[in-house]
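Grab a pencil and work through these exercises with the structure open beside you. Try each task before you read its solution.

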Amino acid sequence: MPEKNREAAIDAHVQSDAFMRLLGAEVTILAPGHSRAALTVTDQMTNFHGITHGGIIFALGDLAFAAASNSRGQTAVALNVSITFLSASTLGDRLVAEARECHLAGRTGLYEITVVEETRGTLIARSQDLVYRKKEWFVPPEDA
């Protein structure tokens with residue numbers, strides 16, 4: 001399969017994520033070891049303090065992590081996620097999560113994810129995530 005077709009097939013696979021659609025999120029950048037995902041906070045995403053629920057922030061970071069770690073067409077699953085919440089966000093905020101691969105060795109990869117509020121540039125959360133790459137490919141490599 002030509003590389004452009006592989007990239008399109010990987011992108012289509014990532015974009016088919018049902019949970020991402022449920023949240024109204026989108027993956028706006030997808031490249032090997034890198035992704036960006038975004039969503040706008042709705043009133044259903046706030047907690048009883050009126051701020052964005054931590055689960056929403058975690059989920060957005062996890063979507064970016066999943067996209068980046070699966071960006072080569074090989075099935076990858078999370079082994080560990082360590083997140084630190086740094087600032088609050090509120091209704092109407094546009095949150096952007098960016099995942100970058102820091103280390104790739106054998107079957108594991110390490111990613112750093114930041115979640116920022118797009119307009120103010122406020123750092124909302126940062127996480128360090130470890131992935132395990134399975135033997136299976138959802139889009140086989142060219143040499144397969």
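Two residues are in contact when they have heavy atoms within 4.5 Å of each other. Keep in mind that you're looking at a predicted model.

**Exercise 1. Find Thr 75, decide whether it is buried or exposed, and list what it touches.**

Step 1: Start with the location. Thr 75 sits in strand 3, which covers residues 74-85.

Step 2: Check the cover. The relative accessible area of Thr 75 is 16%, and buried means under 20%, so Thr 75 counts as buried.

Step 3: Collect the neighbours, skipping residues up to four places away in sequence. Thr 75 then touches Asn 70, Tyr 132, Arg 133, Lys 134, Glu 136, Trp 137 and Phe 138.

**Exercise 2. Work out where the buried residues of helix 1 point and what they pack against.**

Step 1: Get a feel for the helix. Helix 1 runs over residues 3-15, and its 13 residues reach 18 Å from the first C-alpha to the last, close to the expected 18 Å.

Step 2: Pick out the buried residues, which are Arg 6, Ile 10 and Val 14.

Step 3: Now look down the axis. The buried residues of helix 1 fall within an arc of 70°, so they line one face of the helix.

Step 4: See what that face meets. The buried residues of helix 1 pack against helix 2 (18-23), strand 1 (26-31), helix 3 (54-69) and strand 6 (123-137).

Step 5: Take a look at one of those partners. Helix 3 has 16 residues and reaches 22 Å, close to the 22 Å expected. Its buried residues include Ile 56, Leu 60 and Phe 65.

**Exercise 3. Follow Arg 94 to its salt-bridge partner and to a loop residue that it touches.**

Step 1: Recall the basic idea: side chains of opposite charge can pair when their charged atoms come close.

Step 2: Find the pair. Arg 94 forms a salt bridge with Glu 26, and their closest N and O atoms are 2.5 Å apart.

Step 3: Ask what this pair joins. Glu 26 lies in strand 1 and Arg 94 in strand 4 (residues 94-105), so the bridge ties together parts that are 68 residues apart in sequence.

Step 4: Check how open the two ends are. Glu 26 is partly exposed at 35% relative accessibility, and Arg 94 is partly exposed at 22%.

Step 5: Go to the loop between strand 5 (108-117) and strand 6, where you'll find Glu 118. Glu 118 touches Arg 94 and Val 96, again leaving out residues up to four places away in sequence. Glu 118 and Arg 94 are 24 residues apart in sequence, yet their C-alpha atoms are 5.6 Å apart in space.

**Exercise 4. Trace the salt-bridge network that includes Glu 98.**

Step 1: Begin with one link. Arg 100 and Glu 98 form a salt bridge, with closest N and O atoms 2.9 Å apart.

Step 2: Add the remaining member: Arg 36, Glu 98 and Arg 100 are linked in a network of salt bridges.

Step 3: Compare the cover. Glu 98 is buried at 15%, whereas Arg 100 is partly exposed at 46%.

**Exercise 5. Name the residues of the nonpolar surface patch and the elements that give two or more of them.**

Step 1: List the members. Val 77, Leu 79, Leu 130 and Tyr 132 make a patch of about 300 Å².

Step 2: Assign the elements. Strand 3 and strand 6 each give two or more residues to the patch.

Step 3: Zoom in on one member. Leu 130 lies in strand 6 and is partly exposed, with a relative accessible area of 31%.

Key: Residues are numbered from 1 along each chain as its sequence is written. This is a predicted model: local features need pLDDT of at least 70, side-chain atom pairs count only at pLDDT 80 or more; totals for chains, interfaces and linings use all residues. Side-chain values use heavy atoms; hydrogens and water are left out. Helices (H or I, at least four residues) and strands (E, at least two) are DSSP runs, numbered from the N terminus. The expected span of a helix is 1.5 Å times one less than its number of residues. Buried means under 20% relative accessible area, exposed over 50%, partly exposed in between (1.4 Å probe, protein chains only). The arc is that of the directions from the helix axis to the C-beta atoms. Patches are made of residues with over 30% relative accessible area and no salt bridge: like charges are joined within 9 Å, nonpolar side chains (Val, Leu, Ile, Met, Phe, Trp, Tyr) within 5 Å. Accessible areas come from the Shrake-Rupley method with a 1.4 Å probe; for residues, only the protein chains shown count as cover. A salt bridge is a side-chain nitrogen of Lys or Arg within 4 Å of a carboxyl oxygen of Asp or Glu.
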